[in-house]
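Good morning, colleagues. Please take a moment to look at the sequence and the structure before I begin.

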Amino acid sequence: MRDLTEEQNQKLIDAAVAARQQAYAPYSKFSVGAAVLAENGQIFIGCNVENASYGLTNCAERTAIFAAVAAGQTRFLAMAVATEGGYSPCGACRQVLAEFCDDLPILIVDTRSDRQVEQVSLAELLPRRFRRD
């Protein structure tokens, strides 16, 4: 894992918190924002988008990664995830992240606790990930 500067961390956190405001969560009422920092310095954001057919819902983390990939970026330095309560990415999102990174710092932001931040690693969240090597 690479260490980011305080400025990079703060920009990533701010982007995730702002993305959370765009969430479409009429069913769960649980809004999530994510921001991923690509190796080229760009930040890509995502929010959760729910659907009446629940299986078609997309998480914020995957939305951010998919936006980055659509822009040609597949190498990442860090991600921030903002929720009320400070929750980590789901299993599906962890596996999608693992497709692009062996390890990745993930900043877990609790928006109700004055933006309390906990840093974890993808390797901690998804040990012995599935690989197709």
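I shall speak about the nonpolar cores, then a surface patch with its aromatic pairs, and then the salt bridges. Please bear in mind throughout that this is a predicted model.

Let me begin with the interior. In soluble globular proteins, nonpolar side chains tend to be buried together. Here, the largest nonpolar core has 23 residues, and those touching the most other members are Val36, Phe76, Met79, Leu104, Ile106 and Leu122. Which elements supply this core with at least two residues each? They are strand 1 (33-38), helix 2 (60-70), strand 3 (76-83), helix 3 (91-100), strand 4 (105-110) and helix 4 (122-125). Helix 2 gives the most, namely 4 residues.

Val36 deserves a closer look. If neighbours within four places in sequence are set aside, its contacts are Leu12, Gln42, Ile43, Phe44, Ala64, Ile65, Ala68, Phe76, Ala78 and Met79. Apart from the largest core there is another one, of 14 residues, including Ala15, Val17, Leu37 and Leu77.

I turn now to the surface. Tyr24, Tyr27, Val49 and Tyr54 make a nonpolar surface patch of about 450 Å². Tyr54 sits in the loop between strand 2 (43-47) and helix 2. Is Tyr54 buried or exposed? Its relative accessibility is 60%, and it therefore counts as exposed.

The aromatic pairs follow on from this patch, and the structure holds 3 of them. In one of these, Tyr27 and Tyr54 meet edge-to-face, with 5.9 Å centre to centre and 70° between the planes. Because Tyr27 lies in the loop between helix 1 and strand 1 while Tyr54 lies in the loop between strand 2 and helix 2, this pair ties together parts that are 27 residues apart in sequence. Tyr27 counts as partly exposed, at 41% relative accessibility.

Phe30 and Tyr87 also form an edge-to-face pair, at 5.7 Å centre to centre and 70° between the planes. This pair links distant parts of the chain, 57 residues apart: Phe30 is in the loop between helix 1 and strand 1, and Tyr87 is in the loop between strand 3 and helix 3. Phe30 is partly exposed at 32% relative accessibility, and Tyr87 is partly exposed at 47%.

Finally, the charged residues. Side chains of opposite charge can pair when their charged atoms come close. The count of salt bridges in this model comes to 6.

One of them joins Lys11 to Glu7, with the closest N and O atoms 3.3 Å apart. These two residues are 4 residues apart in helix 1 (residues 6-20), so about one helical turn separates them. Lys11 is partly exposed at 48% relative accessibility, whereas Glu7 is exposed at 52%.

Arg20 and Glu84 form a salt bridge at 3.9 Å, N to O. Since Arg20 lies in helix 1 and Glu84 in the loop between strand 3 and helix 3, the pair ties together parts 64 residues apart in sequence. Arg20 is buried, with a relative accessible area of 15%, while Glu84 is partly exposed at 43%.

Arg129 and Asp102 meet in a salt bridge at 2.7 Å, N to O. Arg129 lies in the segment after helix 4 and Asp102 in the loop between helix 3 and strand 4, so this pair ties together parts 27 residues apart in sequence. Arg129 is buried at 19% relative accessible area, whereas Asp102 is exposed at 53%. Both belong, with Arg131, to a network of salt bridges.

Thank you for your attention.

Note on methods: Residues are numbered from 1 along each chain as its sequence is written. This is a predicted model: local features need pLDDT of at least 70, side-chain atom pairs count only at pLDDT 80 or more; totals for chains, interfaces and linings use all residues. Side-chain values use heavy atoms; hydrogens and water are left out. A nonpolar core is a set of buried Ala, Val, Leu, Ile, Met, Phe, Trp, Tyr and Cys residues joined through side-chain atoms within 4.5 Å. Buried means under 20% relative accessible area, exposed over 50%, partly exposed in between (1.4 Å probe, protein chains only). Contact means heavy atoms within 4.5 Å. Patches are made of residues with over 30% relative accessible area and no salt bridge: like charges are joined within 9 Å, nonpolar side chains (Val, Leu, Ile, Met, Phe, Trp, Tyr) within 5 Å. Accessible areas come from the Shrake-Rupley method with a 1.4 Å probe; for residues, only the protein chains shown count as cover. A salt bridge is a side-chain nitrogen of Lys or Arg within 4 Å of a carboxyl oxygen of Asp or Glu. Rings of Phe, Tyr and Trp (its six-membered ring) pair if their centres lie within 6.5 Å; planes under 30 degrees apart count as stacked, over 60 as edge-to-face and the rest as tilted.
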